[in-house]
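Subject: Structure handover

Hello,

Here is the structure for you to take over. My notes on it follow below.

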Amino acid sequence: MLSSFITMRCLALGLFCLLCCNAAQTYRRHPRPITARSNTTFPIKAVENPCKAIPLDFVFVIDSSRSIRPNDYEKVKTFIINLLQFLEIGHNATRVGLLQYGSVVQPEFSLSTYTTKSEVEQAVRNMEHLATGTMTGLAIQYTMETAFTEEHGARPMNLHIPRIAMIVTDGRPQDTVEEIAAQARQAGIQIFAIGVGRVDMNTLRAIGSEPHSEHVHLVANFSQIETLISVFQSKLCGGSDMCEVVDHQCQHICVSSPASYRCKCREGYILNPDGKTCTAEDTCTVVDHGCEHICANLPRGYECRCRPGYQLTIDLKTCNRIDHCDLGNHGCEHNCVTVPESYICTCKRGYVLNLDGKTCSKIDHCADGTHGCEQEFMNTEDSCVCKCRKGYTLRPDGKTCQKIDHCADGTHGCEQEFMNTEDSCVCKCRKGYTLESDGKTCKKIDHCADGAHRCEQEFMSTEDSCVCKCRKGYTLRSDGKTCKKIGHCADGTHGCEQEFMSTEDSCVCKCRKGYSLRPDGKTCQSLDLCQTVHHGCEHQCVSTNDSYICRCFEGFMLAEDGKSCKKLECSEGVMDLVFVIDGSKSLGPNNFELVKQFVNSIVDSLDISKTGTHVGLLQYSTKVHTEFTLGQYSTAQHIKSAVNRMQYMGRGSMTGSALRHMFESSFSTKEGARFNIPRVSIVFTDGRSQDDVSEWATKAKNSGITIYALGVGKAIEQELREIASEPDEKHLYYAEDFEKMAEITKKLKSRICADKPSDENMCQCENVIMFQNQVTEKLKSLVQNIAAMSKRLETLENQLVHK
């Protein structure tokens with residue numbers, strides 16, 4: 001156990017673990033690290049390399065995400081070039097490859113691209129910053145499956161050339177790394193993980209090889225990455241006689257190399273696969289026996305033999321396959337396959353061999369009725385597959401079907417309305433319009449265009465038809481075509497109290513909206529529907545001009561039926577509330593509807609009015625869109641209607657951009673925010689943000705905005721803590737899935753009502769002083785106006801006396 005530990009530690013002593021250094025020779029000079037500058041020019045002073053390296057296949061894997069600033073990106077380049085000073089680069093020496101990654105992997109050069117150190121250095125200088133995401137797992141997978149293949153310059157595994165990967169990153173990966181990193185290490189790749197800044201140490205340990213003390217390094221910033229040069233230099237050039245310090249267990253001879261060793265056998269012996277023990281050579285290994293298959297040692301020589309199913313030819317060296325199928329008596333219906341000493345019959349794909357071992361029958365995978373298909377099924381060569389009828393598509397479970405909604409992705413481009421059919425999404429026009437030839441836009445139907453209206457004076461196209469009109473002073477006759485002059489009211493003897501109208505036969509009186517004509521046909525009376533109809537209002541009925549509306553007492557709000565009243569849960573609180581809603585593609589349309597229900601549930605608990613609570617809402621994905629501002633609606637019904645009209649964005653998740661928009665715009669006076677009214681924001685998200693949230697969340701909270709953070713599903717707890725106001729237990733809520741949103745809705749409503757804003761700040765001293773100053777200014781102005789008026793009166797009195 002001790003010897004295995006010592007061996008493992010020795011193998012990980014240097015960054016490259018297998019570089020050979022001449023420990024016996026003392027050097028006066030050591031390579032000096034290069035300092036990064038603002039441009040990409042790296043002046044390198046030629047130095048002597050004190051390390052004599054054994055061949056390596058070495059690949060740099062560099063994080064090029066947007067979080068790395070341009071100056072820091074140059075420091076990474078400098079770090080790479082400094083490390084190259086300790087390598088002997090060449091086709092038969094160390095081969096170097098490099099790839100960088102963000103949202104995608106970009107290979108810069110492979111292990112076979114360059115054969116000199118100067119070429120590699122120039123290629124590093126020419127690298128350009130990707131500035132996208134952080135897909136570390138994808139980069140490790142590319143390194144294992146592509147960068148270390150023989151097609152891209154890696155030497156064959158049987159040559160035992162060490163394969164080294166160095167990964168430099170500054171952030172959390174947006175994909176999983178544990179499983180793919182473990183596969184890379186099992187494939188023989190030794191991984192060194194270097195983290196900079198806020199990298200999670202557990203993530204680095206999941207990437208790097210063991211022991212982690214030798215393979216995992218973390219520095220505070222990119223300026224400190226240069227400190228690793230001296231650490232790696234001492235490991236590269238501090239060789240020792242490993243055979244003397246480890247329990248090598250070599251049976252014959254141990255040969256030391258820096259940070260490692262290997263076993264050898266004495267002459268006449270060969271090393272066994274365990275790399276430790278030796279076996280005496282036999283005749284077959286020392287002579288050119290020429291056997292095609294097997295060389296068998298004999299007491300005084302050797303003989304050639306063939307593998308089962310083959311026979312030795314007349315030259316006693318080569319072998320011919322015995323083909324039992326060529327005898328022609330196999331009787332196989334489909335295929336005959338020769339096996340050692342016999343043959344077997346096989347069937348073509350989609351068939352199964354019968355019990356006679358000769359004939360074949362077609363496989364019916366659907367025959368047993370266990371397919372579980374909802375609509376239709378079909379037998380294939382390999383299995384029974386489910387199908388759906390026209391207008392339906394198969395769900396991911398491969399069994400059930402769902403109706404195809406061709407309009408769901410929102411790309412139909414229809415100007416007015418659209419309709420989903422079995423085959424496509426088709427555009428429609430509202431009544432009075434017709435679809436144009438592009439199949440998208442609509443034009444108004446002109447029913448008068450054909451000239452068949454036969455109107456005497458004027459005509460007008462409506463939604464349904466072409467109607468005739470008359471010029472002023474004329475009225476349309478009952479035939480709807482001709483006109484006659486209006487004159488029954490012209491003499492002014494109608495006696496109408498309010499309005500009048502000339503008909504074909506007489507002048508009749510009319511009343512304005514909100515009034516009705518009395519039986520005398522002349523005078524009008526106010527129309528109070530609340531007194532004449534069964535209005536059904538629970539609290540109050542208020543008559544309007546031609547109808548009525550129901551209203552509720554203070555502390556209550558009108559229910560959805562427009563008649564009954566319900567007590568407000570937060571009737572005493574007044575605030576400016578802005579919802580920040582995640583509309584990213586990870587929600588899906590169904591869950592987005594649940595989020596809209598959640599918003600409306602919160603709105604129902606608030607006192608929404610011009611003098612009460614105001615509500616605004618913005619939705620975000622890759623972009624941020626203001627659905628409505630604080631000053632746009634003053635009733636709960638209007639707000640809920642606007643929420644129901646929201647269109648699902650369904651793209652990325654830029655929570656940081658949304659917080660910035662909320663801080664800079666949503667609470668501005670331009671968008672309706674009020675002075676000295678508490679400001680509250682409810683931020684909802686279901687996953688990791690693609691940008692930083694801490695900066696704008698902190699600015700918003702420091703400006704006095706109270707933030708409640710709601711997370712569902714894959715939401716990240718650390719991000720929710722960065723967003724929410726303190727303490728977390730009052731402002732942070734999380735649910736495992738959308739089915740449990742009702743629980744956090746109830747808790748949030750209870751918390752908002754418990755912490756309802758008050759007008760206590762109006763009693764603060766600074767507000768009292770401000771009020772006193774305003775009153776003082778008004779009194780000064782009033783005194784000045786009184787003095788001016790007194791002077792004018794005195795002047796007028798003097799003028800009267802002199803007259």
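**Glu717 and its surroundings**

Glu717 counts as partly exposed, because its relative accessibility is 48%. The model is a predicted one, so please read everything here in that light. Glu717 belongs to helix 16, which covers residues 717–723. Arg688 is 29 residues away from Glu717 in sequence. In space, the two C-alpha atoms are 9.4 Å apart.

**The chain as a whole**

The chain has 803 residues, and 39% of them count as buried. It holds 19 helices and 44 strands. The accessible surface comes to about 45900 Å². Carbon and sulfur atoms account for 50% of that surface. Take the contacts between residues at least 6 apart in sequence: 54% of them join residues at least 24 apart.

**Nonpolar cores**

The largest nonpolar core has 36 residues. Which of them have the most contacts inside it? They are Leu577, Phe579, Ile682, Phe684, Leu710 and Leu748. Both helices and strands supply this core with two or more residues each. The strands are 39 (576–582), 40 (614–620), 42 (679–685), 43 (705–712) and 44 (732–735). The helices are 12 (589–604), 13 (636–644) and 18 (741–754). Helix 12 gives the most, with six residues.

Leu577 is worth opening in your viewer. Leaving out residues up to four places away in sequence, Leu577 touches Ile602, Leu606, His614, Val615, Gly616, Leu630, Val680, Ser681 and Ile682. Another core lies apart from the largest one and has 33 residues. Its members include Leu56, Phe58, Val168 and Phe192.

**Helix 13**

Five residues are buried in helix 13: Ala636, Ile639, Lys640, Ala642 and Val643. Viewed down the axis of helix 13, the buried residues fall within an arc of 160°, so they line one face of the helix. The general background is that an α-helix has 3.6 residues a turn, so residues three or four places apart point the same way.

**Salt bridges**

Side chains of opposite charge can pair when their charged atoms come close. The count here comes to 16 salt bridges. Here are some of them.

- Arg674 and Asp576: the closest N and O atoms are 2.7 Å apart. This pair links distant parts of the chain, 98 residues apart. Arg674 sits in the loop between helix 14 (655–666) and strand 42, while Asp576 is in strand 39. Arg674 counts as buried because its relative accessibility is 17%, and the cut-off for buried is under 20%. Asp576 also counts as buried, at 0%.
- Glu695 and Lys699: their side chains meet at 3.4 Å, N to O. Both residues lie in helix 15 (residues 694–702), four residues apart, about one turn of the helix. Glu695 is partly exposed, with a relative accessible area of 42%. Lys699 counts as partly exposed at 33% relative accessibility.
- Asp728 and Arg721: the closest N and O atoms are 2.5 Å apart. Asp728 counts as partly exposed, at 23% relative accessibility. Arg721 is partly exposed too, with a relative accessible area of 36%.
- Arg69, Asp72 and Lys75: a network of salt bridges links these three residues.

**A surface patch**

What do Val286, Val287 and Tyr302 form on the surface? They form a nonpolar patch, with about 230 Å² of accessible area together. Val286 is in helix 10, residues 283–286. Why does Val286 count as exposed? Its relative accessibility is 52%, and exposed means over 50%.

**Glu333**

Glu333 is in the loop between strand 14 (319–321) and strand 15 (335–339). Its relative accessibility is 44%, so Glu333 counts as partly exposed. Setting aside residues up to four places away in sequence, Glu333 touches Lys358, Thr359 and Cys360. Thr346 is 13 residues from Glu333 in sequence. Their C-alpha atoms are 8.4 Å apart in space.

Over to you.

Best regards

Methods: Residues are numbered from 1 along each chain as its sequence is written. This is a predicted model: local features need pLDDT of at least 70, side-chain atom pairs count only at pLDDT 80 or more; totals for chains, interfaces and linings use all residues. Side-chain values use heavy atoms; hydrogens and water are left out. Patches are made of residues with over 30% relative accessible area and no salt bridge: like charges are joined within 9 Å, nonpolar side chains (Val, Leu, Ile, Met, Phe, Trp, Tyr) within 5 Å. Accessible areas come from the Shrake-Rupley method with a 1.4 Å probe; for residues, only the protein chains shown count as cover. A salt bridge is a side-chain nitrogen of Lys or Arg within 4 Å of a carboxyl oxygen of Asp or Glu. Buried means under 20% relative accessible area, exposed over 50%, partly exposed in between (1.4 Å probe, protein chains only). A nonpolar core is a set of buried Ala, Val, Leu, Ile, Met, Phe, Trp, Tyr and Cys residues joined through side-chain atoms within 4.5 Å. Contact means heavy atoms within 4.5 Å. The arc is that of the directions from the helix axis to the C-beta atoms.
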